[in-house]
Amino acid sequence: MATPKMKVSHRRTHMRFAHWLGEKTAPSMTACSHCGEMIPTYSACPVCGYYRGRKVLKVAADKAEAEAKAE
């Protein structure tokens with residue numbers, strides 16, 4: 001079985017565990033610039049479908065408007 005050639009310092013060990021603990025935090029949230037809903041950063045808003053000022057998703061509200069126009 002392979003064995004390490006050098007001792008791992010306390011600092012290096014603690015930094016490794018610190019990175020692991022950093023992953024345990026909640027994802028950062030931001031307000032949607034179009035509707036103000038709280039959403040995860042760098043993702044399209046599931047409520048209005050906008051991302052960085054552009055419409056990128058079709059949402060249920062859009063489908064309802066399309067059906068209303070068709071009638």
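**View 1. Pro46 in the loop between strand 2 and strand 3.** In this predicted model, Pro46 belongs to the loop that runs between strand 2 and strand 3. Its relative accessible area is 58%, so Pro46 is exposed. The C-alpha of Pro46 is 45 Å from that of His10. Along the sequence, Pro46 and His10 are 36 residues apart.

**View 2. Tyr42, a non-glycine residue with positive phi.** Tyr42 is placed in the loop between strand 2 and strand 3. Its phi is near 60 degrees. That value is positive, and Tyr42 is not a glycine. Most residues other than glycine have a negative phi. Is Tyr42 buried or exposed? Tyr42 counts as exposed because its relative accessibility is 75%.

**View 3. Arg52, between strand 3 and strand 4.** The loop between strand 3 and strand 4 (54–55) holds Arg52. Phi of Arg52 is positive, about 50 degrees, although the residue is not a glycine. With a relative accessible area of 72%, Arg52 is exposed. Arg52 also takes part in the lining of the largest pocket, as one of the residues that lie nearest its centre.

**View 4. The largest pocket and its lining.** The largest pocket contains about 170 Å³ of space. How many residues line the largest pocket? The lining has 13 residues. Nearest the centre lie Thr30, Ile39, Ser43, Tyr51 and Arg52. Three elements each give two or more residues to this lining: strand 1 (29–31), strand 2 (38–40) and strand 3 (50–51). By class, seven lining residues are nonpolar, five are polar and one is charged.

**View 5. Cys32 and Cys48, two cysteines without a disulfide.** The structure holds zero disulfides. A disulfide is a covalent bond between the sulfur atoms of two cysteines. Why is there no bond between Cys32 and Cys48? The sulfur of Cys32 is 3.6 Å from that of Cys48, its closest cysteine sulfur, and this is too far for a bond. The cut-off for a disulfide is 2.5 Å between the sulfur atoms. Seen from the other side, Cys48 is in no disulfide, and its nearest cysteine sulfur is that of Cys32, 3.6 Å away. Cys32 counts as buried because its relative accessibility is 7%. Cys48 is buried too, with a relative accessible area of 10%.

**View 6. Arg16 over the ring of Phe17.** Where does the charged end of Arg16 sit? It sits over the ring of Phe17. The distance from the charged end of Arg16 to the centre of the Phe17 ring is 5.5 Å. As for ring-to-ring contacts, the count of aromatic pairs comes to zero.

**View 7. His19 in helix 1.** His19 is part of helix 1, which covers residues 10–22. Its relative accessibility is 57%, so His19 counts as exposed. The C-alpha atoms of His19 and Arg54 are 35 Å apart in space. In sequence, His19 and Arg54 are 35 residues apart.

**View 8. Lys69 in helix 2.** Helix 2 spans residues 60–70 and includes Lys69. Is Lys69 buried or exposed? Lys69 counts as exposed, since its relative accessibility is 71%. Between the C-alpha atoms of Lys69 and Leu21 the separation is 51 Å. Along the chain, Lys69 and Leu21 are 48 residues apart.

Terms used. Residues numbered from 1 in each chain as written. Predicted model: local features only at pLDDT ≥ 70, side-chain atom pairs only at ≥ 80, totals over all residues. Heavy atoms only, no water. 1 Å grid on protein atoms, 1.4 Å probe; cavity = no way out; pocket = protein on both sides within 12 Å on 5 of 7 lines; lining within 4 Å. Points joined across faces, edges and corners; volume = space filled by probe spheres on them. Helix = DSSP H or I, 4+ residues; strand = E, 2+ residues; numbered from the N terminus. Nonpolar A, V, L, I, M, F, W, Y, C, P; charged D, E, K, R; others polar. Phe/Tyr/Trp six-rings, centres within 6.5 Å; stacked < 30°, edge-to-face > 60°. Lys NZ or Arg CZ within 6 Å of the ring centre and 35° of its normal. Buried < 20%, exposed > 50% of the residue type's maximum accessible area, 1.4 Å probe, protein only.
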